[in-house]
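Biologist: Hey, can you walk me through this one? I'm new to reading structures, so plain words please.

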Amino acid sequence: MVKISLGGCNPFVKKEEYNAYVQKAFAAFDELQGEKGAGNDFLGWKTLPVDIPESLVKDCEAIRDDWAARGVNLVVVIGIGGSYLGARCAIEALSHQFLPQKGAPRVVFAGNNLSEDYLAELMDLVEQSNAACVVISKSGTTTEPAVAFRIVKEYLEKKYKDASERIVAITDAKKGALKTLATQEGYRTFVVPDNVGGRFSVLTPVGLLPIVLAGFDIRAMLKGAADEREALLAKTEDNAAIQYAAIRNLLYSEKGKKVEILVSFEPRLQYLGEWWKQLYGESEGKEGCGIYPASVIFTTDLHSMGQFIQEGERVLFETTVKVENAKRSVVIGSDAQNLDQLNYLAGEHVEHCNRMAQLGTKLAHIDGGVPQIEISIDRVDEYNLGAIFYFFEFACGVSAYLLGINPFNQPGVEAYKKNMFALLRKPGYEAQTEEILKRI
Ligand code: PA5
């Protein structure tokens, strides 16, 4: 279960200020749970942990087993934004950080950029491997994954007689180019539910299938999410999502804290930061407001961003994702010469140093005027990832409603696409092409 601690905000906020924001969070909670607020046709994510049927889990496992039988040792997962970040976050968090996952294919990601070198080097790997592909696009028309898929598909079709068995499409139930193609080519498909937006889709097949293929237990992940959902149902001051929504909006609206940095002292959680940035950035960053979400990995980034966080412009607060238990044990040894002067740590676990670094950083940053929120999980496993995914999604809904924003749309994402299509001279964009060429 996710726990929250706001003690590191005490020097910055008065109790009565916080209480006022808890009342606002209660109202936002009612709006979310009443399902009458803005964007209420995109609330399907709220019950996913208890709605996902066993048959869907089994369908994901059937693909895994079928590809294992075909000797597949590389799965290319193609998607961008919400059709990519949840799966990547879970797989990076759960995988060994250096060795391949035993008994599972390597999972790599594509279609999340338009870099020619990236795709060329990806194809170097595909050519050396026994490959399969999962292509994910809710709309079925997003340029980045469409370009990558065209290239991967062409290669698979040339190399393998069973190419259509090596491609799975995850897309809309009825519409879109990918749905049409999948039907035409006979690909196995999974549906992204209509009422679940991309950044809230990690607990749909968008996240679940790649996570299963990488060798992880999605039943445990769904259980963690279901338990967290249960824990967040009560409208009380102890509700961690209400506390998080209240404090971050108070810091933003009353204390000039415009930037929230998600911190982890676990490098395997780097992509939790990437997933969280999309969730909060795309949900709240509109109509000229919203907290800017940033992320760092400490202690690594204390040696790059630490100076700014300690002494730069005082617009920051930090939310640290604490992991209570390390998976492994490494103890620091004693050295006869002690040239590095580390013998005072002999016999200590490395994790002890990590914790002291965490505590020391928290106190230093409080002294530097940076309020501290802590979100804790027991360990990094499927269960706790499911819980933290659900926690941040639910808290995001409460927080955005508190801010007066519809969390479930993303109108601003279209602006770059229109310009890109005009510059690429996409048919239908002739007038925009003429206009944009005058600007450059
Ligand atoms: O959250 C979102 O809506 C976006 O990040 C989308 O997920 C992203 O643009 C990919 O869209 P699609 O799945 O339609 O290809």
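**Salt bridges first**

Modeller: Lysine 235 and aspartate 30 form a salt bridge, with their closest N and O atoms 2.9 Å apart. A salt bridge here is a side-chain nitrogen of Lys or Arg within 4 Å of a carboxyl oxygen of Asp or Glu. Before we go on: this is a predicted model, where local features need pLDDT of at least 70, side-chain atom pairs count only at pLDDT 80 or more, and totals for chains, interfaces and linings use all residues. Residues are numbered from 1 along each chain as its sequence is written, and side-chain values use heavy atoms, with hydrogens and water left out.

Biologist: Okay, so where do lysine 235 and aspartate 30 sit in the chain?

Modeller: Lysine 235 is in the loop between α9 (218-231) and α10 (240-255), while aspartate 30 belongs to helix α1 (residues 15-34). The pair links distant parts of the chain, 205 residues apart. Helices (H or I, at least four residues) and strands (E, at least two) are DSSP runs, numbered from the N terminus.

Biologist: Is lysine 235 buried or exposed?

Modeller: Lysine 235 is partly exposed, at 37% relative accessible area, and aspartate 30 is partly exposed too, at 39%. Buried means under 20%, exposed means over 50%, and partly exposed is in between (1.4 Å probe, protein chains only).

Biologist: How many salt bridges does a search of the whole structure find?

Modeller: The search turns up 27. Another one joins aspartate 66 to arginine 188, with the closest N and O atoms 2.7 Å apart. That pair also links distant parts of the chain: aspartate 66 is in helix α3 (residues 54-69), arginine 188 is in strand β6 (residues 188-191), and they are 122 residues apart. Arginine 188 is partly exposed, with a relative accessible area of 26%.

Biologist: Which residues are linked with those two in a network of salt bridges?

Modeller: The network links Asp66, Arg70, Asp162, Glu165, Arg166 and Arg188.

Biologist: New topic. How many residues surround the ligand?

Modeller: There are 13, and the closest are Ser83, Ser137, Ser139, Thr142 and Gln278. To be near the ligand, a residue needs one of its heavy atoms within 4 Å of it. By class, this shell has 1 nonpolar, 9 polar and 3 charged residues. For the classes, Ala, Val, Leu, Ile, Met, Phe, Trp, Tyr, Cys and Pro count as nonpolar, Asp, Glu, Lys and Arg as charged, and the others, Gly among them, as polar.

Biologist: What lies 2.7 Å from an oxygen atom of the ligand?

Modeller: A polar side-chain atom of glutamate 282 does. A ligand oxygen is also 2.7 Å from an N or O atom in the side chain of serine 139, and a ligand oxygen is 2.7 Å from a polar backbone atom of lysine 138. Taken alone, the ligand exposes 380 Å², and the protein buries 87% of that. Such areas come from the Shrake-Rupley method with a 1.4 Å probe; for residues, only the protein chains shown count as cover.

Biologist: Back to glutamate 282, which side chain does it meet in a salt bridge?

Modeller: Arginine 199, at 2.8 Å from N to O. Glutamate 282 lies in helix α11 (residues 270-284) and arginine 199 in the loop between β6 and α8 (205-213), so the pair ties together parts 83 residues apart in sequence. Glutamate 282 is partly exposed at 24% relative accessibility, whereas arginine 199 is buried at 4%.

Biologist: And how many disulfides does the search find?

Modeller: It finds 0. A disulfide is a covalent bond between the sulfur atoms of two cysteines, counted here when those atoms are within 2.5 Å.

Biologist: Why is there no bond for cysteine 60?

Modeller: Because the closest cysteine sulfur, in cysteine 133, is 15 Å from the sulfur of cysteine 60, too far for a bond. Cysteine 60 is buried, with 0% relative accessible area.

Biologist: Last bit: which peptide bond is cis?

Modeller: The one from phenylalanine 298 to threonine 299, with omega near 5 degrees. Threonine 299 is in the loop between β8 (292-297) and α12 (306-311).

Biologist: What about the phi of glutamate 35?

Modeller: Glutamate 35 has a positive phi of about 60 degrees although it is not a glycine. Arginine 425 likewise has a positive phi of about 60 degrees, and arginine 425 is exposed, at 57% relative accessible area.

How values were computed:
Polar contact = N/O pair within 3.5 Å; in protein donor to acceptor, adjacent residues only side chain to side chain.
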